[in-house]
Amino acid sequence: MHPHLVVPNSEVQNTIDLLTAEGWMGDNLRIHASLDRDTRLIPLSIQAPQALPPPLNEFPIIITSGIVEDRKRPSWLQLLRDMIGEQLVDKHRKSWPSSHELIGDMMILKIEESVREFQPQIIRSKMAANRNIRLVLEDRGVKGKYRVRDLRPIGIRENGKIAPASIGSEYPTKVIVKESGHMIVCDPASAYYSTRLQTERISTAFEARRLSKTIGTKINVADPFCGVGPALAHLVNIPGLVSSILASDLNPMAIKLLHENLSRWIGMPSDTEVTGITEWKKGVWSGVADARELLETDLPIGYWNLLIINLPHKFIDFLPLILPLLDSSKPYVVRGRLVCGNKEIEDIRSLISQYFPDGSDVVVDPRSEYSPNTKLCSVTIRNFATVG
Ligand SMILES: C[S@@+](CC[C@H](N)C(=O)[O-])C[C@H]1O[C@@H](n2cnc3c(N)ncnc32)[C@H](O)[C@@H]1O
């Protein structure tokens with residue numbers, strides 16, 4: 001018996017995209033129609049959390065026997081078995097890279113040292129099972145103050161042939177991805193971007209729409225750790241939602257890509273320079289900036305209705321420094337993520353609450369394991385009651 005998500009037919013493609021990005025879709029069972037044919041049952045993988053985040057939590061989960069996928073091409077593990085034999089695959093069964101992230105035509109995965117000797121076979125079988133993949137990159141963790149992933153090309157498909165990547169060769173890593181219908185230019189080797197945060201971004205867009213409705217006007221959105229701008233993609237592309245944006249980041253490469261994105265989304269000139277924060281057109285501020293110094297720039301303070309803080313290791317340090325950006329005379333929302341010890345969640349929630357003596361609602365929601373002793377949490381701070 002396996003858990004399946006019960007999804008209305010009109011929502012199936014969106015849901016498949018989200019589940020695939022998160023690595024939560026079961027791959028040995030088939031998506032099939034419910035008995036009344038009004039919905040489809042999508043199998044969930046064992047990695048999927050029991051309580052799915054919004055918008056996936058709108059759909060019920062049922063436990064049913066499922067239908068085994070027998071029409072598909074062989075899985076990468078089947079191909080690996082053919083290459084190195086059942087015995088070796090079983091011997092290392094806990095070490096194979098069972099999950100991977102797909103960004104455009106690139107596959108990003110981690111390789112444990114215990115199976116390093118099988119790297120050529122891993123690449124070959126993963127690429128054979130995923131025919132649209134051009135480049136396989138090994139993820140060696142995030143590095144430096146820009147939180148950029150240390151990505152090493154390890155496999156390439158050229159003229160239909162799969163080969164190990166050659167040392168010293170350059171392989172382009174700049175791609176365009178589609179998230180909920182929005183096109184995003186990114187280059188995960190030079191600026192942070194992860195497809196796995198799509199559900200977070202959808203939740204932020206949901207909060208933004210509610211906030212705009214409550215205030216009764218378009219809202220001003222500040223994203224001072226914006227990266228290439230994926231959170232903004234879900235906001236500025238919604239007609240009538242956003243009035244002004246602040247999009248800044250410490251990483252100049254992120255800002256370069258952000259400007260390409262803003263030119264696609266809101267018609268900013270695509271050759272906009274990479275400088276410090278500048279108001280390029282009315283209500284559009286962007287540029288390279290250390291968030292610690294934002295209050296010393298010409299930016300409007302006490303102006304922003306939605307503040308996004310996506311710097312999970314330093315959320316608590318930065319929150320008090322940039323809070324003056326918020327317009328606290330109106331309803332506001334802060335959305336972010338933080339890493340904290342498994343047993344510290346309530347303490348962190350109380351600490352955050354101290355910065356909001358107006359009685360804002362503070363939710364710290366553990367979303368996934370970050371390490372054996374820490375959790376990655378989603379943070380939402382709402383104040384819908386404030387009156388100027
Ligand atoms: C986890 S990434 C999030 C990027 C983006 N918001 C997203 O969701 O893809 C954190 C970002 O914060 C930026 N950053 C790190 N320290 C910073 C600082 N002191 N001021 C501004 N940005 C900073 C990094 O360059 C990186 O792009």
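Is serine 180 buried, exposed or partly exposed? Select serine 180: the residue is partly exposed, because 15 other C-beta atoms lie within 10 Å. On the scale used here, a residue is buried if 20 or more other C-beta atoms lie within 10 Å of its own, exposed if 12 or fewer, and partly exposed in between, with C-beta atoms placed from the backbone.

The model is predicted: local features need pLDDT of at least 70 and side-chain atom pairs count only at pLDDT 80 or more, while totals for chains, interfaces and linings use all residues. Residues are numbered from 1 along each chain as its sequence is written.

**Stop 1: backbone exceptions**

Remain at serine 180, in the loop between strand E10 (175-179) and strand E11 (182-186). Helices (H or I, at least four residues) and strands (E, at least two) are DSSP runs, numbered from the N terminus. Serine 180 has a positive phi of about 45°, although it is not a glycine. Most residues other than glycine have a negative phi, and most peptide bonds are trans.

Next, select asparagine 159, in the loop between strand E8 (148-158) and strand E9 (161-164). Its phi is also positive, about 50°. With 5 C-beta neighbours inside 10 Å, asparagine 159 counts as exposed. The flanking strands E8 and E9 form a hairpin with two residues between them. E8 and E9 pair in the antiparallel sense over four bridges; two strands pair if DSSP finds at least two bridges between them. Within this hairpin, glutamate 158 stands opposite lysine 161 in E9.

Then move to proline 55, in the loop between strand E3 (39-43) and strand E4 (61-64). The peptide bond from proline 54 to proline 55 is cis, with omega near 0°.

**Stop 2: the domains**

Colour the protein chain by domain: domain 1 covers 2-64, domain 2 covers 76-173 and domain 3 covers 194-383. These bounds come from an automatic or database domain assignment. The C-alpha centres of domain 2 and domain 3 lie 33 Å apart. Five residues from domain 2 and five residues from domain 3 make up the contact, where two residues are in contact if their C-beta atoms, placed from the backbone, lie within 7 Å. On the domain 2 side, the touching residues comprise three nonpolar, no polar and two charged. In this count, Ala, Val, Leu, Ile, Met, Phe, Trp, Tyr, Cys and Pro are nonpolar, Asp, Glu, Lys and Arg are charged, and the others, Gly among them, are polar.

**Stop 3: the ligand**

Select the ligand and the 22 residues around it, of which Phe225, Gly227, Leu250, Asn251 and Ala291 come nearest. A residue is near a molecule or strand if its C-beta atom, placed from the backbone, lies within 6 Å of it. The shell divides into 14 nonpolar, three polar and five charged residues. Domain 2 and domain 3 both give residues to the shell, so the ligand lies between them.

**Stop 4: the nonpolar cores**

Now select Val221, Val228, Leu232, Leu306 and Leu307, which touch the most other members among the 77 residues of the largest nonpolar core. Such a core is a set of buried Ala, Val, Leu, Ile, Met, Phe, Trp, Tyr and Cys residues joined through C-beta atoms within 7 Å. Domain 2 and domain 3 both give residues to this core, so the core lies between them. Apart from this core lies another, of 12 residues, among them Leu5, Val7, Ala21 and Leu56. In soluble globular proteins, nonpolar side chains tend to be buried together.

**Stop 5: strand E12 and what follows**

Select strand E12 (residues 219-223), in which five of five residues are buried. Ile219, Val221 and Asp223 occupy one face, and Asn220 and Ala222 the other. E12 pairs with strand E13 (residues 242-249) in the parallel sense over four bridges, and valine 242 in E13 is the bridge partner of isoleucine 219.

Continue to glycine 229, in the loop between E12 and helix H6 (230-236). Glycine 229 is buried, with 30 other C-beta atoms within 10 Å. Leaving aside neighbours within four places in sequence, glycine 229 is in contact with Ala247, Leu258, Asn261 and Leu262. With the same sequence neighbours excluded, leucine 232 touches Val221, Asp223, Cys226, Ile245 and Ala247.

**Stop 6: helix H5**

Finish at glutamate 200, in helix H5 (residues 198-215). With 22 C-beta neighbours inside 10 Å, glutamate 200 counts as buried. Not counting residues up to four places away in sequence, glutamate 200 touches Arg337 and Ser378.
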